[in-house]
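Biologist: Got a minute to walk me through this one? I'd like to go from the overall layout down to the side chains.
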Amino acid sequence: MPIKFHCSHCGKRIEAPDQTGGKWGKCPACHNKVYVPQARAPDEDDLKLAPLDQTEEQRQRQLMRETLELERSILEEREMPEGGGPAPGPVPEISEEQLTGHILRYLRQMADGDLDEAQQTADQIVPHRRKAVAILDRIGTSEVAEPELEDIPKQVLSGLIRNLRTRIS
């Protein structure tokens, strides 16, 4: 009695001789290598698919929705100062020169891998978002690199600027 199975590549029904069971062969339709299953005993019945459990399917969909909602809320959260509330008091004024100095120091620290110091410097930049974005745009579009940053490859510097800009926006 021939072994009947379907090609795993093209899905065509294949009949193979009993002696080929457990070996590899070639599909006559698509010519891909296929595994010929072992011959079944004549008393074995075909297995039928179990019906889908609709409550389990609904539960899985609900879990996926909840996961997506959690991911969205996490991504939308903004870093809050310690204590969970807004920063106390008004933001102190800072000159453009001082803010430029903070930004250049941050970029240098990131390029040198001083991540803890860069975090502290970024915390000083964040309250001055609008001014900082304008300064970053000026640094990013400038033909001549700032002297403190001239040894950093242009592509790396562009990435650092882009990251800081995203972080403070």
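Modeller: Sure, one term up front: a residue is buried under 20% relative accessible area, exposed over 50% and partly exposed in between, using a 1.4 Å probe and protein chains only. This is a predicted model, so local features need pLDDT of at least 70 and side-chain atom pairs count only at pLDDT 80 or more, while totals for chains, interfaces and linings use all residues. Residues are numbered from 1 along each chain as its sequence is written, and side-chain values use heavy atoms, with hydrogens and water left out.

Biologist: OK. How many helices and strands are there?
Modeller: The protein has 5 helices and 4 strands, and along the sequence they run β-β-β-β-α-α-α-α-α. Those are DSSP runs numbered from the N terminus, helices being H or I with at least four residues and strands E with at least two.

Biologist: And what percentage of the residues count as buried?
Modeller: Of 169 residues, 21% are buried. The accessible surface is about 13300 Å², and 53% of that belongs to carbon and sulfur atoms. Those areas come from Shrake-Rupley with a 1.4 Å probe, where for residues only the protein chains shown count as cover.

Biologist: Let's zoom in on α2. What does it reach from its first C-alpha to its last?
Modeller: α2 covers residues 96-112, so 17 residues, and reaches 24 Å, close to the 24 Å expected at 1.5 Å a residue. The expected span is 1.5 Å times one less than the number of residues. Right after α2 comes Gly113, with a positive phi near 80°.

Biologist: Which α2 residues are buried?
Modeller: Leu99, Thr100, His102, Ile103, Leu104, Tyr106, Leu107 and Gln109. The buried residues of α2 pack against α3 (115-125), α4 (129-141) and α5 (154-168).

Biologist: Then where's the largest nonpolar core, and which residues have the most contacts inside it?
Modeller: That core has 21 residues, and the most contacts inside it go to Leu99, Ile103, Tyr106, Leu107, Ile125, Leu164 and Ile168. α2, α3, α4 and α5 each supply at least two of its residues. A second, separate core of 8 residues includes Ile3, Cys7, Cys27 and Val36. By "core" I mean a set of buried Ala, Val, Leu, Ile, Met, Phe, Trp, Tyr and Cys residues joined through side-chain atoms within 4.5 Å.

Biologist: What does Leu99 touch?
Modeller: Ile94, Ile125, His128, Lys131, Ala132 and Ile135, leaving out residues up to four places away in sequence. Contact here is heavy atoms within 4.5 Å.

Biologist: Switching to charges: how many salt bridges does the count come to?
Modeller: The count comes to 6, taking a side-chain nitrogen of Lys or Arg within 4 Å of a carboxyl oxygen of Asp or Glu. Among them is a network linking Arg108, Asp112 and Asp151.

Biologist: Break that network down for me?
Modeller: Asp112 and Arg108 meet at 3.0 Å, N to O. They sit 4 residues apart in α2, so about one helical turn separates them. Asp151 and Arg108 meet at 2.6 Å, N to O. Asp151 is in the loop between α4 and α5 and Arg108 is in α2, so this pair ties together parts 43 residues apart in sequence.

Biologist: Is Asp151 buried or exposed?
Modeller: Exposed, at 55% relative accessible area, whereas Asp112 is partly exposed at 44%.

Biologist: And which residue does Glu56 bridge to?
Modeller: Arg59, with the closest N and O atoms 3.2 Å apart. The two are 3 residues apart in α1 (residues 54-76), so about one helical turn. Glu56 is partly exposed at 32%, and Arg59 is partly exposed at 45%.
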